[in-house]
Amino acid sequence: MKKKFEPWGRWNGTSKIFTLDDAKFYTYLTDEGEHIPTPIINDDNPFNDEIINSNNILEIGCGVGRNVQYLLDNTNSNYIGVDPNREMTKWFWDVVDKNSRVKLLNNLNLDTEIDVVLSILTFEHIGYRTPNNIMDIRDITFEIMKYTHTGTIWVLVEHEVEEPGWIDRWCGDFNINPDVRIKNWSRFPELNHRPNSNYDFIVWKQK
Ligand SMILES: C[S@@+](CC[C@H](N)C(=O)[O-])C[C@H]1O[C@@H](n2cnc3c(N)ncnc32)[C@H](O)[C@@H]1O
């Protein structure tokens with residue numbers, strides 16, 4: 001049986017109809033209720049120039065588009081957001097202004113090469129924990145890699161609270177030796193609002 005690209009984790013949206021506030025809350029809010037982006041272009045990232053000058057950025061699990069305006073403002077790239085969770089994506093265009101550089105998809109059938117892949121607080125909620133008929137992060141990564149190339153920059157901001165060890169396992173599956181892996185990443189202090197969150201900042205230039 002072919003595996004399905006379906007929402008997984010507490011974001012599956014099947015049990016609850018999301019208001020915009022719910023969607024923002026389940027995406028990410030600070031303690032102060034701010035819905036601010038994650039600054040992936042920063043002094044810890046050796047590939048800022050590659051990201052700024054990229055053609056196409058893919059955000060897997062884009063949610064309501066929290067990071068879109070930041071990426072439009074700080075890069076010359078197009079943005080492709082992919083998220084199978086319609087309870088999230090139905091609000092995407094309320095959060096994001098219509099822009100010819102932005103595309104939203106509910107599947108992994110892309111029509112372009114990808115120069116930057118972002119997983120911000122997404123892979124952590126899926127991991128290797130899906131049932132057999134639903135794609136896990138290994139399956140999803142294989143699909144994404146059909147569109148990436150040598151030199152594609154991968155940036156992940158993720159924790160391992162729900163599945164200790166998944167990051168090493170994922171790196172092992174794809175022979176990934178990250179160029180950057182900072183544990184308890186402090187450049188995004190708002191993330192520390194959840195006790196024991198322990199976010200990692202991971203950057204890898206695909207070989
Ligand atoms: C915590 S939110 C993060 C959203 C966004 N990346 C951000 O930083 O604002 C996690 C996202 O993962 C999405 N998601 C759930 N299952 C998924 C899957 N199998 N593949 C891709 N995204 C998924 C959810 O719908 C949700 O939008």
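Here are some notes on the predicted model shown above, going from the overall fold to a few individual residues.

1. **Overall dimensions.** Let me start with the whole chain. The radius of gyration comes out at 16 Å, close to the 17 Å that the globule rule gives for 207 residues, so the protein is as compact as a globular protein of that length. The C-alpha trace spans about 40 × 40 × 40 Å along the principal axes.

2. **Composition and contacts.** You will find eight helices and seven strands in the protein. Of the 207 residues, 40% are buried. Among contacts with a separation of 6 or more, 71% link residues that are 24 or more positions apart.

3. **The sheet.** Seven strands form an open sheet with mixed pairing, and reading across it gives the order β3-β2-β1-β4-β5-β7-β6. The edge positions belong to β3 (102-105) and β6 (180-182); each has a single partner strand, so one side of each is left without a neighbour in the sheet. On average, neighbouring strands here are turned by 15 degrees against each other, direction ignored.

4. **The β1-β4 pair.** It is worth a look inside the sheet at β1 and β4, which run parallel and are joined by three bridges. Within this part of the model, Glu59 stands opposite Leu118 in β4.

5. **Helix α7.** Which residues of α7 (137-144) are buried? They are Ile137, Ile140, Thr141 and Ile144. Their arc around the axis is only 100 degrees, which puts them on the same side of α7. The general pattern is familiar: an α-helix has 3.6 residues a turn, so residues three or four places apart point the same way.

6. **What covers that side of α7.** The buried residues of α7 are covered by elements including the strands β1 (56-60) and β4 (116-120). The helices α6 (123-126) and α8 (166-173) are also among the elements that cover them.

7. **Lys24.** I would also point you to Lys24, which sits in helix α1 (residues 20-27). Is Lys24 buried or exposed? Lys24 is buried, because 21 other C-beta atoms lie within 10 Å, and the cut-off for a buried residue is 20 or more. Leaving aside residues up to four places away in sequence, Lys24 touches Leu29, His35 and Val64.

8. **Lys24 and Glu59.** Finally, a distance you may like to check in the viewer: the C-alpha atoms of Lys24 and Glu59 are separated by 16 Å. Along the chain, these two residues are 35 residues apart.

Technical notes
Residues are numbered from 1 along each chain as its sequence is written. This is a predicted model: local features need pLDDT of at least 70, side-chain atom pairs count only at pLDDT 80 or more; totals for chains, interfaces and linings use all residues. A residue is buried if 20 or more other C-beta atoms lie within 10 Å of its own, exposed if 12 or fewer, and partly exposed in between; C-beta atoms are placed from the backbone. Helices (H or I, at least four residues) and strands (E, at least two) are DSSP runs, numbered from the N terminus. The arc is that of the directions from the helix axis to the C-beta atoms. Two residues are in contact if their C-beta atoms, placed from the backbone, lie within 7 Å. The radius of gyration is taken over C-alpha atoms; the globule rule is 2.2 Å times the number of residues to the power 0.38. Two strands pair if DSSP finds at least two bridges between them. Axes are lines fitted to C-alpha atoms, for helices over the stretch in contact, and angles run from 0 to 180 degrees between N-to-C directions.
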